[in-house]
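Please open the model in your viewer and keep the sequence panel beside it, since each stop below asks for a selection and then describes what is found there.

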Amino acid sequence: MPGRLFKGGDALYTYADGAWQTFALPEQVHIRDIDALAADDAYATGMKYPVDGGHPVTYHWDGTTWTLLEEVPVRAGTDTAKIAVESTDSVYVAGWADDDARPPIPSVAHWNGAEWRDVTGDLSALYVHAIAPDGRGGLWVTGSDQTEPTSSGPVFWHYDGTAWTEQDGATAPDGDARWPSCTFYDLAPADDAGSFWAVGHYTTPLDPRGDQDVHGLIERSTPSPAS
């Protein structure tokens with residue numbers, strides 16, 4: 001963010017004008033992700049560990065200090081790891097519960113500037129590794145889809161502010177066709193029309209020795225989600 005750098009971990013750190021400022025966190029609180037609108041308007045999310053018995057935490061930076069927001073209403077045992085800020089009255093936090101469950105149970109919550117609302121809806125069977133606002137009040141979500149078969153193909157979910165829609169991504173031509181295994185780790189806008197880039201990896205079929213290769217994977221949504 002121009003004018004200020006943000007960093008998480010076991011504390012919240014900001015850097016500006018050649019100096020670091022540290023905001024101490026309670027014991028066992030760890031910040032997993034930060035997103036900012038401006039040098040004086042940022043949000044951070046993470047966990048008060050352990051996951052079992054702990055709870056998610058979300059902080060807001062106002063240019064001077066960090067303030068703890070009310071607790072995110074997600075399923076017990078959810079490890080919140082991603083945050084995406086669209087505006088001061090539109091912030092998304094996401095994570096998943098993996099308490100020996102198969103498949104994982106994702107959760108997504110939305111902050112409207114005054115309160116949180118659970119918007120998980122039909123989103124299911126996903127290790128949530130990346131979220132990104134669509135620029136229209138909605139959200140794109142991706143990661144590692146665990147729908148049967150256990151390692152499935154590239155999947156994206158879109159939330160339009162009311163409901164979720166699941167969309168398949170493109171399968172790599174040399175990917176494992178029997179048990180496709182794809183994971184995406186980040187999303188980024190591709191243009192002003194709502195298209196996005198997704199980056200991750202995929203695996204090839206097992207060779208005669210039982211080995212397989214892992215390759216990088218880059219995809220661009222087409223046609224534009226706006227169409």
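## A tour by selection

In this predicted model, the structure holds one cavity of 30 Å³ or more. The volume of the largest cavity is about 40 Å³, and to see its lining you can select T171, A172, G175, D176, P180, S181, C182, Y202 and T203.

Next, select residues 126-133, which form β12, and add its sheet. This is an open sheet of four strands, in the order β12-β13-β14-β15, and its pairing is antiparallel. Which strands stand at the edges? They are β12 and β15 (164-168), and because each has a single partner strand, one side of each is left without a neighbour in the sheet. If you look along the sheet, neighbouring strands are turned by 25 degrees against each other on average, with direction ignored. As background, strands of a sheet pair through backbone hydrogen bonds, in either a parallel or an antiparallel way.

Stay with β12 and bring up β13, residues 139-145; the two strands pair in the antiparallel sense over seven bridges. Within this pair, V128 stands opposite G143 of β13. Moving to the turn of the hairpin, you will find five residues between the strands, and there G135 takes a positive phi near 85 degrees.

Now colour β12 by accessibility: six of its eight residues are buried, so that the strand is mostly covered. Then show the largest nonpolar core, which has 17 residues, and among which V108, I131, L139, V141 and W164 touch the most other members. At least two residues of this core come from each of β9 (90-97), β12, β13 and β14 (155-159), and β12 gives the most, with four residues. In general, nonpolar side chains in soluble globular proteins tend to be buried together.

Centre the view on I131 and ask which residues are in contact with it, leaving aside its neighbours within four places in sequence. The selection to make is K82, I83, A84, Y92, A94, L139, W140, V141 and L187. Of these contacts, L139 and V141 are also listed with I131 among the core residues that touch the most other members.

The remaining stops concern the backbone, where most residues other than glycine have a negative phi and most peptide bonds are trans. Select Y49 and P50, which are joined by a cis peptide bond with omega of about 5 degrees. P50 has its place in the loop between β5 (41-48) and β6 (55-61).

Go then to Q28, in the loop between β3 (19-24) and β4 (29-38), where phi is near 70 degrees, a positive value in a residue other than glycine. A125, in the loop between β11 (116-118) and β12, likewise is not a glycine and has a positive phi, of about 55 degrees.

Are these two residues buried or exposed? With a relative accessible area of 47%, Q28 is partly exposed, while A125 has a relative accessible area of 7% and is therefore buried, the limit being under 20%.

How values were computed: Residues are numbered from 1 along each chain as its sequence is written. This is a predicted model: local features need pLDDT of at least 70, side-chain atom pairs count only at pLDDT 80 or more; totals for chains, interfaces and linings use all residues. Side-chain values use heavy atoms; hydrogens and water are left out. Two strands pair if DSSP finds at least two bridges between them. Axes are lines fitted to C-alpha atoms, for helices over the stretch in contact, and angles run from 0 to 180 degrees between N-to-C directions. A nonpolar core is a set of buried Ala, Val, Leu, Ile, Met, Phe, Trp, Tyr and Cys residues joined through side-chain atoms within 4.5 Å. Buried means under 20% relative accessible area, exposed over 50%, partly exposed in between (1.4 Å probe, protein chains only). Contact means heavy atoms within 4.5 Å. On a 1 Å grid over the protein atoms alone, a cavity is a set of points where a 1.4 Å probe fits but cannot get out, and a pocket is an open set with protein on both sides within 12 Å along at least five of seven lines; lining residues have an atom within 4 Å of a point. Grid points are joined across faces, edges and corners, and a volume is the space filled by probe spheres set on the points.
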